[in-house]
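Please open the model in your viewer, keep the sequence panel beside it, and follow the stops below in order.

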Amino acid sequence: TIMHFVLLYEIVDNFAEKRTPFRIEHLAKVQASHAEGKLVLAGALADPVDGAMLVFRGPTAEAAEVFARADPYVTSGLVTNWRVRKWMTVIGDGATMPSVPDATGFSG
């Protein structure tokens, strides 16, 4: 079964300035993961810039975990903490459980 998984990043202060040496390599990894069909959406949280969120699609959380472990933002220490959460998508383009009546995953 295909599911969505959200990779959440907590980042250092002044991340926007500190990421510059690692940005090209990070974006190449993002683009490759998207081209492979694993990464759906990705971007930094704004106002304030204090984290990032990447949405992956697949049967398990493995793609998100592998991505995070190899991401230059993580390996360089710019990401202070990361975690992956299963996301029960129920409506919208690409939702994986459109027939479930609530977000808990139980059909009642």
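A residue counts as buried when its relative accessible area is under 20% and as exposed when that area is over 50%, with partly exposed residues in between. Asn14 has a relative accessible area of 52%, and therefore it is exposed. Please keep in mind throughout the tour that this is a predicted model.

**First stop: Asn14**

With Asn14 selected, look at where it sits along the chain, which is in the loop between strand S1 and helix H1 (15-18). Its backbone also deserves a look, since the phi of Asn14 is near 60°, a positive value in a residue other than glycine.

**Second stop: strand S1**

Now step back along the sequence and select residues 3-11, which form strand S1. Is this strand mostly covered or mostly uncovered? Seven of its nine residues are buried, so S1 is mostly covered.

To see the partners of S1, add residues 51-58, which make up strand S3 and run antiparallel to S1, with eight bridges joining the two. A place to begin is Met3, which stands opposite Gly58 in S3. Then add residues 79-87, strand S4, which pairs with S1 in the antiparallel sense, again over eight bridges. Here the residue to pick out is His4, which stands opposite Trp87 in S4.

**Third stop: Asp47 and Pro48**

Next, select Asp47, whose place is in the loop between S2 and S3, together with Pro48, which lies in the loop between strand S2 (39-44) and S3. What kind of peptide bond joins Asp47 and Pro48? It is a cis peptide bond, with omega at about 10°. Asp47 also has a positive phi of about 55°, although it is not a glycine. If you colour the model by accessibility, Asp47 should stand out as exposed, because its relative accessibility is 77% and the cut-off for exposed is over 50%.

**Last stop: Ser33**

Finally, select Ser33, which is found in helix H2 (residues 20-35). Is Ser33 buried or exposed? Its relative accessible area is 7%, and therefore Ser33 is buried. To see what surrounds this residue, show the residues that it touches, which are Lys38, Leu39, Phe56 and Phe67 when residues up to four places away in sequence are not counted.

Technical notes: Residues are numbered from 1 along each chain as its sequence is written. This is a predicted model: local features need pLDDT of at least 70, side-chain atom pairs count only at pLDDT 80 or more; totals for chains, interfaces and linings use all residues. Side-chain values use heavy atoms; hydrogens and water are left out. Buried means under 20% relative accessible area, exposed over 50%, partly exposed in between (1.4 Å probe, protein chains only). Helices (H or I, at least four residues) and strands (E, at least two) are DSSP runs, numbered from the N terminus. Two strands pair if DSSP finds at least two bridges between them. Contact means heavy atoms within 4.5 Å.
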